[in-house]
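Reader: Could you take me through one part of this model in close detail, and place that part within the chain as a whole? I would like a connected account rather than a list.

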Amino acid sequence: MENEPNISSADPDPGVFATPPSDAPPTPDTAGPEPHADPYPFWSYADLVVFFGLAFPCVLLGAFTVKFFLWVFHIRVHSLALELVPAQFLGYGFLFFALYLLLHVHYQRPFWQSLRWVRTRPGVSRTVLYGFVMAFVVALLGAALHTPDIHTPMKDLLSDRSSVVLIAIFAVTLGPLCEELAFRGFLQPVLVRSFGPAAGIVLAAIPFGVLHLSQYGGSWRHGLLITVAGIGFGWLRHVSGSTRAAAIMHAAYNFIFFAALFSQGGNLPSTW
């Protein structure tokens with residue numbers, strides 16, 4: 001796995017596939033374009049189908065692996081979250097190993113730079129602030145939509161303190177990392193190339209919202225709120241040219257809602 005490049009603020013998105021801060025086509029300089037320069041993104045819709053088609057089998061494989069481990073060692077867990085989170089962790093691992101093979105072996109391109117995991121402006125502190133602001137905007141929108149405080153599978157997972165702590169750690173670390181690499185790093189550039197920035201950002205956010213519907217009992221309001229958050233993450237990905245920035249914003253967004261959860265004594269806010 002390649003080391004993360006050391007990027008100066010003057011060049012927010014360098015690397016082997018250098019582009020402007022957005023995913024717009026690069027502006028040719030006076031010397032003319034490179035004769036054999038690869039387009040970005042260099043992968044296709046067929047690659048998207050393969051990657052997202054592998055998502056469910058990888059999750060199932062992760063769940064089977066965890067259950068097999070618990071069965072072999074006669075381990076009983078007292079909370080569903082203690083089984084589901086490791087299963088999701090392994091599922092992500094299998095899925096992104098497949099993506100690594102696609103980028104690094106098939107295309108012979110670096111994994112992290114290809115998905116634009118680069119340092120760039122804005123800095124970490126401002127990116128975290130964007131995540132906090134996004135959480136505030138989503139909370140206001142949830143209030144305006146009169147989002148119901150319904151019983152959801154997510155509340156079942158947050159049934160005890162150990163589950164809350166485990167899910168909170170996952171939600172501000174591995175979750176944003178993997179989701180942003182998939183939706184803003186891999187999916188969004190192809191959609192922006194085909195439909196333009198605004199439509200591409202929205203189209204990448206829609207399946208992101210749909211992915212989370214099952215956690216909230218199919219509530220369309222919750223799905224809409226998460227889609228709006230996805231649009232915010234996609235906007236930062238586009239203007240900064242950095243999937244890393246979008247992941248930090250996503251982690252800060254999730255942190256705010258878990259902070260609210262702890263402050264309310266374990267009662268999950270209805271808008272999350």
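Author: The chain of this predicted model has eleven helices and zero strands, and read from the N terminus its elements run α-α-α-α-α-α-α-α-α-α-α. Of its 272 residues, 45% count as buried, and the chain exposes about 13,700 Å², of which carbon and sulfur atoms supply 69%. Among the contacts with a separation of 6 or more, residues 24 or more positions apart account for 78%.

The part to look at closely is the nonpolar core, together with the helix that contributes to it. The largest nonpolar core has 53 residues, and those with the most contacts inside it are Trp43, Phe96, Leu99 and Phe186. Helix H8, residues 174-195, gives the largest share of this core, nine residues. Once its neighbours within four places in sequence are left aside, phenylalanine 186 is in contact with Trp43, Asp47, Leu48, Phe51, Phe52, Leu99, Leu102, Leu103, Leu115 and Leu181. Two of the residues named for the most contacts inside the core, Trp43 and Leu99, are therefore also partners of phenylalanine 186, because their heavy atoms come within the 4.5 Å that defines a contact.

Helix H8 also holds a charged pair. The side chains of arginine 184 and glutamate 180 meet in a salt bridge, at 2.8 Å from N to O. Because arginine 184 and glutamate 180 are four residues apart in helix H8, about one helical turn separates them. Arginine 184 is buried, and glutamate 180 is buried as well. Cysteine 178 is buried too, because its relative accessible area is 7%, and cysteine 58 counts as buried because its relative accessibility is 9%; the count of disulfides nevertheless comes to zero.

From helix H8 the account passes to glycine 200, which has its place in helix H9, residues 197-211. Glycine 200 is buried, because its relative accessible area is 0%. Not counting residues up to four places away in sequence, glycine 200 touches Gln188, Leu191, Val192 and Phe195. Glycine 200 and isoleucine 231 are 31 residues apart in sequence, with their C-alpha atoms 9.7 Å apart in space.

A search of the whole structure finds two salt bridges, and the one not yet described joins the side chains of glutamate 83 and lysine 67, at 2.7 Å from N to O. Since glutamate 83 lies in helix H3 and lysine 67 in helix H2, this pair ties together parts that are 16 residues apart in sequence. Glutamate 83 counts as buried, because its relative accessibility is 15%.

Helix H2 leads on to the surface. A nonpolar patch there is formed by Leu61, Phe64, Phe68, Phe69, Trp71, Val72, Phe73, Ile75, Val77 and Phe94, which together have about 990 Å² of accessible area. Helix H2, residues 55-72, supplies the largest share of this patch, six residues, while phenylalanine 73 is found in the loop between H2 and helix H3, residues 81-106. Histidine 74 has its place in the loop between H2 and H3 as well, and has a positive phi of about 55 degrees although it is not a glycine. Histidine 74 counts as exposed, because its relative accessibility is 71%.

Some further backbone details deserve a careful note. Most residues other than glycine have a negative phi, and most peptide bonds are trans. Glutamine 108, in the loop between H3 and H4, has a positive phi near 55 degrees, and counts as exposed because its relative accessibility is 63%. A cis peptide bond, with omega about 0 degrees, joins tyrosine 40 and proline 41, and proline 41 has its place in the segment before helix H1, residues 45-53. The peptide bond from arginine 121 to proline 122 is cis, with omega near 0 degrees, and proline 122 lies in the loop between helix H4, residues 111-114, and H5.

Leucine 145 closes the account, in the loop between helix H5, residues 124-144, and helix H6, residues 153-157. Leucine 145 counts as partly exposed, because its relative accessibility is 22%. Leaving out residues up to four places away in sequence, leucine 145 touches Arg221, Leu224 and Leu225. Along the chain leucine 145 and leucine 224 are 79 residues apart, yet their C-alpha atoms are separated by 9.9 Å.

Notes:
Residues are numbered from 1 along each chain as its sequence is written. This is a predicted model: local features need pLDDT of at least 70, side-chain atom pairs count only at pLDDT 80 or more; totals for chains, interfaces and linings use all residues. Side-chain values use heavy atoms; hydrogens and water are left out. A nonpolar core is a set of buried Ala, Val, Leu, Ile, Met, Phe, Trp, Tyr and Cys residues joined through side-chain atoms within 4.5 Å. Buried means under 20% relative accessible area, exposed over 50%, partly exposed in between (1.4 Å probe, protein chains only). Helices (H or I, at least four residues) and strands (E, at least two) are DSSP runs, numbered from the N terminus. Patches are made of residues with over 30% relative accessible area and no salt bridge: like charges are joined within 9 Å, nonpolar side chains (Val, Leu, Ile, Met, Phe, Trp, Tyr) within 5 Å. Accessible areas come from the Shrake-Rupley method with a 1.4 Å probe; for residues, only the protein chains shown count as cover. A salt bridge is a side-chain nitrogen of Lys or Arg within 4 Å of a carboxyl oxygen of Asp or Glu. A disulfide is a pair of cysteine sulfur atoms within 2.5 Å.
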